[in-house]
Amino acid sequence: MRYTIQHITRFQYDRPVRESVTELRMQPRSEGKQLCVNFSISVQPHVAVSSYQDFMLNTVHHFDIPALHTELLLQADATVEVMPFSTLPDALPAISWDALDGEARDIHWDYVNPSDFAQSTPLLLTMAKELKLGRLADPLTTLIKLNKSIYEGFDYAPQSTHVESRIDEALKVRRGVCQDFTHIMITLGRMVGIPCRYVSGYLFHRNEDEDRSAEDATHAWMEAWLPELGWIGFDPTNNLIAGERHIRVAIGRDYADVPPTRGTFKGDATERLGVGVRVALSDYQEKPGEILLNETPMKPREAFNGRAKQQAAMQQQ
């Protein structure tokens with residue numbers, strides 16, 4: 001399937017700010033079953049945009065706006081082709097656990113150890129006990145059960161957590177968003193020795209699907225490395241095995257590695273963020289309407305001695 005993706009982000013400031021330094025992770029990856037056919041990024045105020053690849057081979061665009069401005073508008077446009085995925089087996093051989101133990105710590109060390117957003121807590125241990133978390137007959141069976149358990153055990157509730165929320169916030173009330181469910185599943189998967197990583201991207205929604213995740217937002221899920229299969233995606237928000245509708249943008253140990261936007265500026269201002277996403281089939285003929293931005297309230301941003309605090313990512317998934 002071929003998709004067109006439009007991702008708009010708008011930062012508005014109640015006072016002029018200067019020297020905005022920003023980096024973006026919005027370009028879909030080209031690997032495996034996925035090919036990014038084309039990609040463009042536009043910035044207002046107009047500025048030259050450069051790019052590089054980080055240590056996980058995500059494409060990072062970055063720029064610096066030295067002039068005073070009260071608004072920063074970003075628009076990313078992409079065309080992506082995703083080929084059909086092979087059907088997974090019902091299960092893996094029991095010896096797959098031995099393969100994981102032998103290779104995971106040597107090859108995938110970063111993905112079997114705790115990371116910033118994926119760390120065990122007393123509340124998570126309580127949940128693990130409730131689920132009777134452990135190694136089932138094989139790693140694939142274990143993950144399929146875990147994926148379903150998180151889906152059934154949590155309500156999807158936009159704005160119930162925020163971009164910097166730790167897993168305990170969702171665990172306390174058993175509700176959250178894609179980012180929360182993904183971090184919980186990553187942490188539980190690592191606890192039984194399965195290499196797990198975070199995926200930032202988009203999900204194409206169809207009328208016949210019963211997806212819980214928001215259609216006009218970015219999406220997140222996790223991937224686990226399985227012997228004989230490689231990296232396989234699991235979407236606990238929607239109880240899905242990642243497939244042709246999942247469009248991968250960036251991978252990392254957790255959300256801290258792959259925010260869509262990250263930056264800093266100089267100035268004493270409050271900020272409002274608006275984000276809008278549209279994912280459509282590329283042969284869709286109807287003229288698309290204007291993308292409506294989901295906006296957050298103004299957030300105070302302080303500066304001291306002319307040096308701005310660093311801005312973490314502000315687009316929750």
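Me: The expected span of a helix is 1.5 Å times one less than its number of residues. How far does helix α1 (residues 96-107) reach from its first C-alpha to its last?

Reply: This is a predicted model: local features need pLDDT of at least 70, side-chain atom pairs count only at pLDDT 80 or more, and totals for chains, interfaces and linings use all residues. Residues are numbered from 1 along each chain as its sequence is written, and side-chain values use heavy atoms, leaving out hydrogens and water. Helices (H or I, at least four residues) and strands (E, at least two) are DSSP runs, numbered from the N terminus. With twelve residues, α1 is expected to span 16 Å, and its reach is close to that: 15 Å.

Me: What arc do the buried residues of α1 cover?

Reply: Buried means under 20% relative accessible area, exposed over 50%, partly exposed in between (1.4 Å probe, protein chains only). The arc is that of the directions from the helix axis to the C-beta atoms. In α1, S96, W97, L100 and A104 are buried. These residues sit on the same side of α1, because their arc is only 85°.

Me: Which elements do the buried residues of α1 pack against?

Reply: The face turned away carries the exposed residues D98 and D106. On the buried side, packing is by contact (heavy atoms within 4.5 Å). The partners are α3 (139-153) and β9 (219-226).

Me: Is the Y3–F204 ring pair stacked, edge-to-face or tilted?

Reply: Rings of Phe, Tyr and Trp (its six-membered ring) pair if their centres lie within 6.5 Å; planes under 30 degrees apart are stacked, over 60 edge-to-face, the rest tilted. The whole structure has six aromatic pairs. Y3 and F204 have ring centres 5.2 Å apart and planes at 50°, so the pair is tilted.
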